[in-house]
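Here is a short tutorial on reading features from a structure. The learner asks and the teacher replies.

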Amino acid sequence: MDVQHWNAAIDHFLTEKHQKRSAGNKECREKQVVKNRGGTCSYGSACFKKIHHIADSSGADTIDWIAIFENVLGTRKGYLRGIGPKPSSVAGTSAPSQ
């Protein structure tokens, strides 16, 4: 970086607007319970990689995508995150009422 660009960067970092933004970002980072360890990888991309890692390590010939989504994204009664409502054959596990 040449001297002219360096001086411009320093001037920018010293502006009141940048100082306020930096302080706000620092405050938000301190409130985070779980620190980001994903680097520049997006959440969707990380889930995709995790799904394929689980699928590859299972060694099974057939892949149960519903089970993988439940494992990666968690479950909620009658709903698959990332997929939507569960099919009726999967959603109900209770015996029919008489």
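The dialogue below goes from the overall layout to the surface and then to charged pairs.

Q: What should I keep in mind about the origin of this model, and which elements make up the secondary structure of the chain?

A: The model is predicted. The chain has five helices and three strands. Read from the N terminus, the order of the elements is α-α-α-α-β-β-β-α.

Q: How many residues does the chain have, and what percentage of them is buried?

A: A residue counts as buried when its relative accessible area is under 20%. Of the 98 residues in the chain, 9% are buried. The chain exposes about 8600 Å², and carbon and sulfur atoms supply 55% of that area.

Q: What share of the contacts joins residues 24 or more positions apart?

A: Among contacts in the chain with a separation of 6 or more, 9% are between residues 24 or more positions apart.

Q: Which residues form a nonpolar patch on the surface?

A: The patch consists of Met1, Trp6, Ile10, Phe13 and Leu14. Together these residues have about 600 Å² of accessible area.

Q: Where is isoleucine 10, and why can it be part of a patch?

A: Isoleucine 10 sits in helix α1, which covers residues 3-13. Patch members need over 30% relative accessible area. Isoleucine 10 has 32%, so it passes that cut-off while counting as partly exposed.

Q: How many salt bridges are there?

A: Side chains of opposite charge can pair when their charged atoms come close. The cut-off used here is a side-chain nitrogen of Lys or Arg within 4 Å of a carboxyl oxygen of Asp or Glu. By that rule there are two salt bridges.

Q: What is the N to O distance between lysine 20 and glutamate 16, and where do the two residues lie?

A: The side chains of lysine 20 and glutamate 16 form a salt bridge at 3.5 Å, N to O. Both residues belong to helix α2, residues 16-31, and are four residues apart, about one turn of the helix. Lysine 20 is exposed because its relative accessibility of 58% is over 50%. Glutamate 16 is also exposed, at 58%.

Q: Which residue meets glutamate 27 in a salt bridge, and why are the two separated by about one helical turn?

A: Glutamate 27 meets lysine 31, at 3.9 Å from N to O. Because they are four residues apart in helix α2, about one helical turn separates them. Glutamate 27 is partly exposed, with a relative accessibility of 46%, whereas lysine 31 is exposed, with a relative accessible area of 62%.

Technical notes. Residues are numbered from 1 along each chain as its sequence is written. This is a predicted model: local features need pLDDT of at least 70, side-chain atom pairs count only at pLDDT 80 or more; totals for chains, interfaces and linings use all residues. Side-chain values use heavy atoms; hydrogens and water are left out. Patches are made of residues with over 30% relative accessible area and no salt bridge: like charges are joined within 9 Å, nonpolar side chains (Val, Leu, Ile, Met, Phe, Trp, Tyr) within 5 Å. Accessible areas come from the Shrake-Rupley method with a 1.4 Å probe; for residues, only the protein chains shown count as cover. Buried means under 20% relative accessible area, exposed over 50%, partly exposed in between (1.4 Å probe, protein chains only). Contact means heavy atoms within 4.5 Å.
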